[in-house]
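Work through the exercises below with the model open beside you. Try each task before you read its solution.

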Amino acid sequence: MIQLLTPTHWKDYELIDCGDFEKLERFGNTILIRPEPQAVWNKTLPASEWQRLHHIKFKGRSATTGEWLKKDQKTPDRWHVEYKNNEAAIKFRLGLTSFKHVGIFPEQAVNWDYISQNVKRFKTPEPKVLNLFAYTGGASLIARAAGADTTHVDSIKQVVTWANENQEISGLKDIRWVVEDALKFVKRELKRGKKYNGIILDPPAYGNGPNGEKWKLEDNITEMMRDVTQLLDPEEHFLILNTYSLGFSSVIVENLIKSSFPQVQNLEIGELYLQATAGPKLPLGVFGKFHKIKSN
């Protein structure tokens with residue numbers, strides 16, 4: 001059964017409207033207009049309402065970069081938001097980057113809830129959680145806040161530094177930070193005989209490691225899945241695979257998981273979306289996830 005899931009605990013985030021390849025969204029008290037390649041339909045709200053509501057708009061200069069246009073120059077470039085669910089609360093420092101991102105993917109809150117719920121349910125004291133392609137650390141923060149011994153791996157030093165900032169403003173400590181190519185790190189952990197109770201993968205379609213390693217989702221994901229499933233603690237575990245690639249479906253993710261981990265239990269697959277207040281649903285990637293809780 002393919003699921004359609006959207007976050008339910010956000011107070012500091014709202015997708016107001018989307019369409020015509022743009023989205024109008026609120027982070028805390030700041031309202032942005034950003035490009036959105038998935039929003040191929042027409043906007044629901046009139047252009048005058050978009051113009052009235054927004055504080056900052058991203059204008060692309062090329063396929064990868066652009067500039068932020070403020071209606072009021074006093075609007076800050078950086079600000080904080082909080083996410084709180086039934087198990088934990090975390091904070092993020094947001095910022096205007098040259099490539100349209102602000103440091104958070106709000107739809108991932110669905111996966112953060114799954115992480116904190118499983119960490120709290122595990123019978124293993126201080127379960128070990130590994131977050132790969134970890135970006136600014138939402139999954140790492142929620143795992144740590146729920147009580148997990150957490151390792152955060154990303155190939156870009158600047159975003160690991162950003163994640164560490166998020167740890168500090170969240171009042172957390174002792175996340176293990178690793179700046180490395182994710183596949184290389186996993187292979188080294190295998191050689192060391194390491195085991196993890198939780199593994200999160202949110203790989204990009206394309207990427208580069210710190211030493212020029214190449215990542216292409218369709219070329220490397222089968223090898224990655226084969227390796228990470230060997231790192232799972234056999235008695236108690238969860239795994240989340242999240243992909244944001246226009247060519248990937250949840251059925252592909254289901255096949256990847258079943259072929260690499262035939263003994264899978266409690267498998268769920270589906271699509272993440274954000275529900276716009278104005279009406280449309282904005283699809284933002286597919287997921288596969290499963291868990292096993294230790295029997296008494």
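The exercises that follow concern a predicted model.

**Exercise 1. Domains**

Task: State how the protein is divided, and how many residues of domain 1 are in contact with domain 2.

Solution. Step one: take the bounds. Domain 1 covers 2–78 and domain 2 covers 105–292. Step two: take the spacing. The domain centres, over C-alpha atoms, are separated by 26 Å. Step three: take the contacts. On the domain 1 side 24 residues take part, and they meet 29 residues of domain 2.

**Exercise 2. The largest core**

Task: Describe the largest nonpolar core and say where it lies relative to the two domains.

Solution. Step one: size. The largest nonpolar core has 42 residues. Those with the most contacts inside it are Phe27, Ile90, Phe92, Ile104, Trp112, Ile115 and Phe238. Step two: sources. Elements giving two or more residues to this core include strand 2 (13–19), strand 8 (89–95), helix 2 (109–121) and strand 17 (281–292). Helix 2 gives the most, with five residues. Step three: placement. Domain 1 and domain 2 both give residues to this core, so it lies between them. Step four: look around one member. Setting aside neighbours within four places in sequence, Trp112 is in contact with ten residues' worth of surroundings that include Trp10, Tyr83, Ile90, Phe92, Ile104 and Ile142. Step five: look further. Apart from this core lies another, of 30 residues, among them Leu183, Ile199, Val253 and Phe261.

**Exercise 3. Aromatic pairs**

Task: Classify the ring pairs Phe58–Trp68 and Phe261–Phe290.

Solution. Step one: the total. The structure holds eleven aromatic pairs. Step two: Phe58 and Trp68. Their ring centres are 5.0 Å apart, and their planes stand at 70°, so the pair is edge-to-face. Phe58 is in strand 5 and Trp68 in strand 6 (residues 66–70), ten residues apart. Both Phe58 and Trp68 are buried. Step three: Phe261 and Phe290. This pair is stacked, at 5.2 Å centre to centre with 15° between the planes. Phe261 lies in the loop between helix 7 (250–260) and strand 16 (268–275), and Phe290 lies in strand 17, so the pair ties together parts that are 29 residues apart in sequence. Step four: burial. Phe261 has a relative accessible area of 6%, so it is buried. Phe290 is buried too, at 0%. Step five: the cluster. Ring pairs link Trp10, Tyr13, Phe27, Tyr83, Phe92 and Trp112.

**Exercise 4. Lysines over rings**

Task: Which ring does the charged end of Lys43 sit over, and which does Lys289 lie over?

Solution. Step one: Lys43. Its charged end sits over the ring of Trp50, 4.1 Å from the ring centre. Step two: Lys289. This residue lies over the face of Phe287, at 5.0 Å from the ring centre.

**Exercise 5. Strand 15**

Task: Decide whether the faces of strand 15 are covered or open, and find the strands joined to it.

Solution. Step one: count. Seven of the seven residues of strand 15 are buried. Step two: split by face. In a regular strand, side chains alternate between the two faces of the sheet. One side carries His237, Leu239, Leu241 and Thr243. The other carries Phe238, Ile240 and Asn242. All of these are buried, and both faces are covered. Step three: the parallel partner. Four bridges join strand 12 (residues 198–201) to strand 15. Leu201 stands opposite Leu241 there. Step four: the antiparallel partner. Seven bridges join strand 15 to strand 17. In strand 17, Lys292 is the bridge partner of His237.

**Exercise 6. Two partly exposed residues**

Task: Are Leu190 and Arg176 buried or exposed, and what do they touch?

Solution. Step one: Leu190. This residue is in helix 5 (residues 182–191). Its relative accessible area is 26%, so it is partly exposed. Not counting residues up to four places away in sequence, Leu190 touches Asp227, Gln230 and Leu231. Gly171 is 19 residues from Leu190 in sequence, and 32 Å away in space, C-alpha to C-alpha. Step two: Arg176. This residue lies in strand 11 (residues 176–179). At 34% relative accessibility, Arg176 also counts as partly exposed. Beyond neighbours within four places, its contacts include Thr150, His152, Phe185, Glu189 and Tyr196. Ser140 is 36 residues from Arg176 along the chain, with 9.5 Å between the C-alpha atoms.

Note on methods
Residues numbered from 1 in each chain as written. Predicted model: local features only at pLDDT ≥ 70, side-chain atom pairs only at ≥ 80, totals over all residues. Heavy atoms only, no water. Core = buried A, V, L, I, M, F, W, Y, C linked by side-chain atoms within 4.5 Å. Buried < 20%, exposed > 50% of the residue type's maximum accessible area, 1.4 Å probe, protein only. Domains from an automatic or database assignment. Contact = heavy atoms within 4.5 Å. Phe/Tyr/Trp six-rings, centres within 6.5 Å; stacked < 30°, edge-to-face > 60°. Lys NZ or Arg CZ within 6 Å of the ring centre and 35° of its normal. Pairing = 2+ DSSP bridges.
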